[in-house]
Amino acid sequence: MGLVALVSVSMSETVMAQIGAPFIHDPATIMECDGKYYTWGTGGSPLVSSDGWVWSSEGGARIQVGAAPDMIKIGDRYLCAHSSTGGGLGGGHAGTIRTMWNKTLDPQSPDYEWTEQIQVAESYVDEDCDAIDAGLILTPEGRLFVTYGTYFGFIRVVELDPATGDRAAGAQDVNVAVDCEATTMIYQDGYYYLLGTHGTCCDGVNSTYNIVCGRSKSPTGPFIDNVGRDMIEGGGKMVLGCRDGYTGAGHFGRYIVEEGVQKMSFHWEADYSMSGRSTLAILPIVWRNGWPEAGYNVKNGVYEIESERRGYALEIATEYVRLGGGRGMFGGGGNQPNTQVAFQKLEDVIGNWPTGNIDVRVIDYQFRPNQKWEFVAQEEGTLGTPYYKIVIAGTNRALAATAGKELTTVPEFTGAPEQLWSVDQLVDGTYRICPKAVPGTDEKVCLISVGDSNASLGKFDINDVNCKWNLRQY
Amino acid sequence: MNKNFKLILAVGMAAVLVGCGSNGSKIDPSRVANRNVEYDQYFTEIKADAAPAKPDEKGFIRRWTIIEPINKPNSGNTVFTDSYILTELTKEYFKGQFTNDIKSLPKTGDEVIVETEAPRAGGRGGFGGFGGGAPQGAGAGQARPQGAGAGAPGAGQARPQGAPQGAGAGQARPQGAPQGAGAGQARPQGAPQGGAPQGMGGFGGFGGGMMGGGAPAAAAPQMIKDTLTWHSVDSKLFNIKLIRFALGSSNGQKRYGLIFNAFTVINCEQDVVVRLAAGSNASSIWWVNGEKVLTLQADRRMVADDGMSKRITLKKGKNLVRAAVINGPGMSDMCARFYNEDGTIFKNYTITNN
């Protein structure tokens, strides 16, 4: 079976992992540079993607780092923090954290050159810390911190100088958690969240790696979990562990696409569809009750597209066909036994549908054939999610953007850019649905409610309920 | 590095750090990194007739009587299935190991001789160094606790000399240095046994086992006679850092691949219904008054309140709590406290070692 066929099989089963050859362990937080996405794993092995969905090592350059690099962009430069240890699981724990800069991540650029490495933290051979697995954060105030440590003892945080990448003057290494791996910190809505990985690493399909977090008002902790437990006591609320076909989520990194759209990069210890190998994964981040959770990419299937605005459903504007039966209102029908009312079927109504383009509208959901949309992932995408064709279930009639930033459905899906849709779960759990392209404009728009009963395309705003949709399966 | 000089250096570093928080940030001084890993940073050895202790502010039990660990040299932690730990943590290595008779409990300083597997040499070094930075002149062992049997104190731990671009070789455990010899941890010449990455399939290979899988060795283990001593201790931390107990009580000879057995006595003023909450790294079994009340299986990190028992009754007077913990390579520690039925922490008791 060829690669394309393999990819197709994988895509039909799930859209939870990246496609291509996304093999990596301990991925750095994903960086964008000149239109491409980059990450590096332990040992400095690169992965590159031009769209954020299909990844491979081609086009990247191995960087001279040890374990588990992390990356952050500060101004117009990229800062890499990485680590080395002479020990390992059963060895000593003399680790070091080092930083280095580059103006670009594109190895073909004449500006591509890493600066001399600076050691910013270390652990001794036998202390209660192993200085590896660096994670970087730039606070809203512009302060730079690095977290480090692993399963052996304390996780520590120390402040760095964002201008040099070296330790800040007088900086203290502070214990903030125990026995995590792959920590990093993010800021959200007034809290610093410390994310770390618990469980068993590196045991393939038997790995129990899982990402947990606690939060604090200070970047130096204490970080408390959802049951009030300090991460220095081992606490941590689960962000992601395992999903069907994928085990061992670890090494969290956050990428903010824009306000309201956040992605988490990590690795699966084992991707069952890829021989149990360790692969890069990217999923949406959903914030629920002040805590981050891994969201979901839309699986191939049939959905109601429900407006967050009113709760009505997107449908194609075809003649409403009434169903018979079910008139036993107000207790009518006496003592006759119940019978199943037949659902309206596609073949009951499709013969009367127009054969050309059909408009869409938004109305009460009654699980009618003109309201059921099938999402099918395609083999290209955006960061962390594929493009989908969205068709009326049982047909090839596809949702499409039109010139003038309006909507229609075309009788046959052709794969044209205006028929491809990115579907991103937002931080509040709802979805944003955007066409890959709109004829006649480069403007980025998404599916919006206009009034309760109509839909159009418009600019995305996370604070605008009209931009949000729920995808329901029953 | 001279031990006294190291102490001066550590104190000096702490003074500088505490006094100079960057950007005026408020940092709890107790959380500033302390790199001193001497035994007495973790434990205070207490006498057999020590005055009763109380649980700490959060209810954690810090007083335990622990016997020096039994060798069980697993090279990985993936073997800790339910049946494995039940077998290994209930195996009797010496008479009275599981006694429920409070009047006959061992006292600090008591010794037993057990037949155990010999430790295996060679750290796993699973990452093989990854691009260097392996310290040179890596340090020596740890000091033995005061009055804890024979043997000269080990040399202090040396600070690595931080070669920035090293070869990335792993470190090896000492090759069977005798107990009490005070020998340090030696860095091998060249790549050590086990230092090369083994089973790296986890990084793009086929189905993991990157860390070598951890399956017990097929060959019959070499058996040795080992003299083990009981130690009554008060932990200076909420958790009991078993790895530090092992290192400190063995002159650095015991680190990984061990079974720990500990007990403590809970003195209640009246009968009370509680739950025992415990965490351990890695697997453990917990007993109260002879009844197995909690099992924490699998390769796991110590998490406070990780597991909690069914309701149990602590009776008026003395109650015996036992713990057995097993770990392969990596950190080993445990913590325990009691909860009332209503979810509040139970602290109305004293703790003794007899």
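The following paragraphs describe a sheet in chain A and a glutamine that contacts it, as seen in a predicted model.

The account begins with the sheet. Four strands of chain A, in the order 18-19-20-21, make up an open sheet with antiparallel pairing. Strand 18 (246-258) and strand 21 (291-294) of chain A occupy the edges; each has a single partner strand, so one side of each is left without a neighbour in the sheet. On average, neighbouring strands of this sheet are turned by 35° against each other, direction ignored. As general background, the strands of a sheet pair through backbone hydrogen bonds, and the pairing may be parallel or antiparallel.

Consider next the pairing of strand 19 with strand 20. Strand 19 of chain A covers residues 261-271 and is joined to strand 20 of chain A by 7 bridges, the two running antiparallel. One of the positions along this pairing is A:Lys263, whose bridge partner in strand 20 is A:Pro284. The hairpin formed by strands 19 and 20 of chain A has 5 residues between the strands, and in this hairpin A:Ser275 takes a positive phi near 60°.

On the other side of the pairing scheme, strand 20 (residues 277-288) of chain A is joined to strand 21 of chain A by 4 bridges, again in an antiparallel arrangement. Within this pair, A:Val286 stands opposite A:Glu293 of strand 21, and A:Arg288 has A:Trp291 of strand 21 as its bridge partner. The hairpin of strands 20 and 21 of chain A has 2 residues between the strands, and A:Asn289 there adopts a positive phi near 55°.

How enclosed is strand 20 of chain A by the rest of the structure? Of its 12 residues, 10 are buried, so strand 20 is largely enclosed by the rest of the structure.

A residue from another strand makes contact with this region. A:Gln425 belongs to strand 29 (residues 420-425) of chain A. With a relative accessible area of 8%, A:Gln425 is buried, because the threshold for that class is under 20%. Apart from its neighbours within four places in sequence, A:Gln425 is in contact with A:Pro284, A:Val286, A:Gly295, A:Tyr296, A:Thr430 and A:Tyr431. Of these, A:Pro284 has already appeared as the bridge partner of A:Lys263, and A:Val286 as the residue opposite A:Glu293.

The side chain of A:Gln425 also takes part in polar contacts with the backbone. It reaches the backbone nitrogen of A:Tyr296 at 2.6 Å. A polar atom of the A:Gln425 side chain also lies 3.1 Å from the backbone oxygen of A:Gly429.

Note on methods:
Residues numbered from 1 in each chain as written. Chains lettered and ligands numbered in written order. Predicted model: local features only at pLDDT ≥ 70, side-chain atom pairs only at ≥ 80, totals over all residues. Heavy atoms only, no water. Pairing = 2+ DSSP bridges. Axes fitted to C-alpha atoms, helices over the stretch in contact; angles between N-to-C directions. Buried < 20%, exposed > 50% of the residue type's maximum accessible area, 1.4 Å probe, protein only. Polar contact = N/O pair within 3.5 Å; in protein donor to acceptor, adjacent residues only side chain to side chain. Contact = heavy atoms within 4.5 Å.
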